[in-house]
Amino acid sequence: MFSGGTYHEVERWLWNFLTSHAKRVNPRVEVALEAGDARTGQSYGARLTLGGRVSAVVEFDFSDVAANRGNLAWCAALAERTKRLARELGAQGAADARAR
């Protein structure tokens, strides 16, 4: 497996990873990754969105992601966390629809 990479390579990998696992729960889930000037070279913030609902920001340290993206156990835990957030967004939408 691979680890390391530049800030932008790791950003692209993280966005692809989060998106692929979120869309396994619901193909309409989108991932917004914050990686602006204040974060460059240091961190990322990720939010999942679904039908106008937005998750809380999940913070990622660049060096942590770069060092662990080749670690299968770390990736499995991140995949489960991402799918749980996507399920929670879907459940919020279902609850909102029932309340109407």
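**View 1. Surroundings of R39, a residue of the loop between β1 and β2.** In this predicted model, local features need pLDDT of at least 70 and side-chain atom pairs count only at pLDDT 80 or more, while totals for chains, interfaces and linings use all residues. Residues are numbered from 1 along each chain as its sequence is written, and side-chain values use heavy atoms, with hydrogens and water left out. R39 has a relative accessible area of 15% and is therefore buried, a word that stands here for under 20% relative accessible area, with exposed meaning over 50% and partly exposed the range in between (1.4 Å probe, protein chains only). When residues up to four places away in sequence are not counted, R39 touches Y7, E34, Y44, G45, V57 and E59, where a contact means heavy atoms within 4.5 Å. Two of these partners also face each other between strands, as G45 stands opposite E59 in β4.

**View 2. Strand β2 and its pairing with β1 and β4.** Helices (H or I, at least four residues) and strands (E, at least two) are DSSP runs numbered from the N terminus, and two strands are said to pair if DSSP finds at least two bridges between them. Strand β2 covers residues 43-50 and is mostly covered, with six of its eight residues buried. Strand β1 (residues 30-34) and β2 pair in the antiparallel sense over five bridges; within this pairing, A46 of β2 is the bridge partner of L33, and E30 stands opposite T49 in β2. Strand β4 (residues 58-61) and β2 also pair in the antiparallel sense, over four bridges, and here V58 of β4 is the bridge partner of A46.

**View 3. The hairpin of β2 and β3.** Strand β3 (residues 53-54) pairs with β2 in the antiparallel sense over two bridges, and V54 in β3 is the bridge partner of T49. Two residues lie between the strands of this hairpin, and G51 in the turn has a positive phi of about 55 degrees. R53 has its place in β3, and R53 counts as buried because its relative accessible area is 19%. The C-alpha atoms of R53 and T19 are separated by 16 Å, the two residues being 34 residues apart along the chain.

**View 4. Covered and uncovered faces of β1 and β4.** In a regular strand the side chains alternate between the two faces of the sheet. In β1, V31 and L33 make up the covered face, whereas E30, A32 and E34 make up the uncovered one. In β4, V58 and F60 form the covered face, whereas E59 and D61 form the uncovered one.

**View 5. Helix α1, residues 7-25.** The end C-alpha atoms of α1 are 28 Å apart, which agrees with the 27 Å that its 19 residues should span at 1.5 Å a residue, the expected span being 1.5 Å times one less than the number of residues. Y7, V10, W13, L14, F17, L18, T19, H21 and A22 are buried in this helix. S20 is found in α1 as well, but S20 counts as partly exposed because its relative accessibility is 32%. The C-alpha atoms of S20 and T82 are separated by 9.5 Å, although these residues are 62 residues apart along the chain.

**View 6. The whole protein chain, for orientation, with its three helices and four strands.** From the N terminus on, the elements run α-β-β-β-β-α-α, and the C-alpha trace spans about 45 × 30 × 15 Å along its principal axes. Of the 100 residues, 41% count as buried, and the chain exposes about 5700 Å², of which carbon and sulfur atoms supply 53%; accessible areas come from the Shrake-Rupley method with a 1.4 Å probe, and for residues only the protein chains shown count as cover. Among the contacts with a separation of 6 or more, residues 24 or more positions apart account for 50%.
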